[in-house]
Each structure stands twice: as structure tokens, then as C-alpha cells.
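Trainee: Please put the sequence and the structure up, and then let us go through them by question and answer.

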Amino acid sequence: MTEPQQTPAEALEAIRQSRATVREAVRDQKGAARFALIYSSIAAVMVGGQVFSAPFNVFCSAGGAVAFGLLARSWSQRTGVWISGVTPKKARWVAFGLGAVMLALMLIAVWAGRSGHLWAGLPLAAAGFGSAWGGSALWMKVFLAETRDQ
Amino acid sequence: MRAPVFDPVIHAPGRLQICAILSDVDQAEFAMVRDAISVSDSVLSKHVKQLEDAGYVAVSKATTGGRQRTWLKLSVAGRAAFRAHVAELTRLAGIG
């Protein structure tokens with residue numbers, strides 16, 4: 001196999017262009033809004049469902065986890081890349097932060113359910129939806145900036 | 001910051017592009033990488049084999065929807081070698 005030599009500047013430019021193709025694949029303009037809608041809806045069900053007693057709360061959290069897995073698999077098959085969300089150094093903190101917010105909302109929902117405040121499930125689900133939507137948008141922004149700056 | 005080290009295995013144009021793509025993701029599908037760097041299946045396979053032999057890339061196969069897909073992943077050693085190589089290129093180019 002012929003392997004032409006390239007100058008350091010040319011090599012760095014080739015790296016930059018290759019990374020740009022990854023960003024284009026990840027950005028996936030066509031499916032981004034649909035992905036965010038489904039992702040946020042799953043998060044809303046997982047959070048809001050915690051106000052109910054077992055087995056409904058378990059069904060919501062376990063079913064949500066399975067749905068997240070199927071969504072991630074579908075996304076990776078469409079884009080051709082798999083990103084766990086915690087690989088890029090800066091973007092991983094957005095993922096951890098979003099996970100912490102979701103966990104906190106779920107715990108509040110559990111407390112609300114046990115206190116008899118079932119009505120709280122709806123606003124908490126809405127908060128979960130909004131947090132997931134905003135968090136995923138922020139993660140994408142940080143990921144794109146991080147991979148562009150490297 | 002990793003010490004700059006020139007790596008001749010990574011530096012070849014096709015392999016450099018493969019490593020650049022894989023460095024930003026956990027895994028990338030063979031077809032996606034092939035299309036991104038505009039090479040044939042056989043050329044990409046040869047590059048991947050060389051990276052695999054160097055311990056820089058891991059190859060796995062998964063069947064989904066009745067179709068087998070090949071996934072490529074940069075190993076820990078591969079990520080370290082790529083970072084060191086990029087650092088050396090940056091140094092040689094007089095950037096940073």
C-alpha cells in the first residue's frame with residue numbers, strides 16, 4: 001500500500017477535517033429534534049412515575065432504562081457512531097450533572113408519592129422533561145465545541 | 001499534557017484519519033469511517049489491520065436487524081499514542 005508522506009501542517013489539517021465528519025454525524029440535524037423529544041419524554045416518565053407505589057414506579061424506571069437503551073442503539077445505527085456521553089472530558093460533566101438532576105427529581109418524586117402528593121408527579125415530570133431537553137442540548141453544544149477545539 | 005512522540009504507524013494518511021475519527025467517539029461503524037475518509041473497504045481493512053496489530057484499535061462485530069455491522073474502537077494505548085502523535089505534529093508545525 002502506497003503511503004504518501006504529509007507535512008505536520010497537512011496532517012493536522014487532515015485530523016481537523018476527519019473530526020469535522022464526526023461532528024456532522026453526531027449533529028444529525030434531521031433526527032436531533034425527534035431524538036430530544038423521545039429522550040425527554042422517557043426522562044419525564046421515569047421522574048413522574050416515581051410518585052406511584054410499586055410496581056408502577058419500578059415499571060417506569062426499568063421501562064425507561066430499557067427505552068433509553070433502545071433509543072441509544074437506534075441513534076448509533078443511524079449515525080454510525082457510539083458515544084456513551086462520558087468520553088469527552090468536558091462533556092462528561094454535563095452528563096454527570098444531568099444524571100444528578102434526574103436522580104434528585106426522582107427522589108423528590110418518591111418522597112412526594114409517599115407523602116400522598118400524587119399531583120406532584122405532573123410538575124416533576126415536566127421538570128424532568130425540561131431538564132433532559134436542556135441537558136441534552138447543552139451536552140451537544142459542549143461536545144461539538146470540545147471536539148472542534150482539540 | 002502527553003509528551004510529544006512521533007508514531008509512524010499512526011502517521012500514514014489513512015490511519016491518521018481513522019484515529020482522528022475514533023478519538024472523538026467510543027466506537028464508530030466501519031462503513032461510517034470508510035465513507036468519512038473516502039476509501040474502499042479493502043483499503044480501510046488494511047489500515048485497520050495495521051492499527052489492530054499495533055494494539056491501537058479493537059474490532060468487534062454485532063448483528064442487528066439481521067445485518068452484521070463491524071465496529072472500531074480506539075484502545076487505551078491507541079488513544080495515548082494518538083494524543084502523543086498530535087502533540088508532536090503540533091510541535092513540528094510550530095503551533096501552540
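Trainee: Which helix holds A:Phe59, and is A:Phe59 buried, exposed or partly exposed?
Mentor: This is a predicted model, in which local features need pLDDT of at least 70, side-chain atom pairs count only at pLDDT 80 or more, and totals for chains, interfaces and linings use all residues. Residues are numbered from 1 along each chain as its sequence is written, chains are lettered from A and ligands numbered from 1 in the order in which they are written. A:Phe59 sits in helix α3 (residues 56-79) of chain A; helices (H or I, at least four residues) and strands (E, at least two) are DSSP runs, numbered from the N terminus. With 20 or more other C-beta atoms (placed from the backbone) within 10 Å of its own a residue is buried, with 12 or fewer exposed, and in between partly exposed, and A:Phe59 has 13, so A:Phe59 is partly exposed.

Trainee: What span should helix α4 (residues 89-114) of chain A have?
Mentor: The expected span is 1.5 Å times one less than the number of residues. Helix α4 of chain A has 26 residues, and its end C-alpha atoms are 38 Å apart, which agrees with the expected 38 Å.

Trainee: Which residue follows α4(A) with a positive phi?
Mentor: Within α4(A), the buried residues include A:Ala91, A:Leu105 and A:Met106. After the helix comes a residue whose phi is positive, near 85°: A:Gly116.

Trainee: Why are the buried residues of α4(B) on the same side?
Mentor: The buried residues of α4(B) are B:Leu44, B:His47, B:Val48 and B:Leu51. An α-helix has 3.6 residues a turn, so residues three or four places apart point the same way. On the other side of α4(B), B:Ser42, B:Lys49 and B:Asp53 are exposed. The buried residues share a side because the arc they cover, taken from the directions from the helix axis to the C-beta atoms, is only 100°.

Trainee: Which element gives the most to the side of chain A that touches chain B?
Mentor: Residues are in contact if their C-beta atoms, placed from the backbone, lie within 7 Å. The contact takes 23 residues from chain A and 24 residues from chain B. On the chain A side, the elements giving two or more residues are α1 (8-27) and β1 (81-82). The one that gives the most, with 11 residues, is α1(A).

Trainee: Which residue stands opposite A:Trp82?
Mentor: Strands pair if DSSP finds at least two bridges between them. β1(A) and strand β1 (residues 27-29) of chain B pair in the antiparallel sense over two bridges. Opposite A:Trp82 in β1(B) stands B:Gln27.

Trainee: What is the order of the strands in the open sheet?
Mentor: β2(B) and β3(B) run antiparallel, joined by eight bridges, and form a hairpin with two residues between them. The edge strands, each pairing on one side only, are β1 of chain A and β2 of chain B. Pairing in this open sheet of four strands is antiparallel, and the order is β1(A)-β1(B)-β3(B)-β2(B).

Trainee: What angle does the direction of α2(B) make with that of β3(B)?
Mentor: α2(B) packs on the sheet, touching β1, β2 and β3 of chain B. Axes are lines fitted to C-alpha atoms, for helices over the stretch in contact, and angles run from 0 to 180 degrees between N-to-C directions. The angle with β3(B) is about 90°.

Methods. Contact = placed C-beta atoms within 7 Å.
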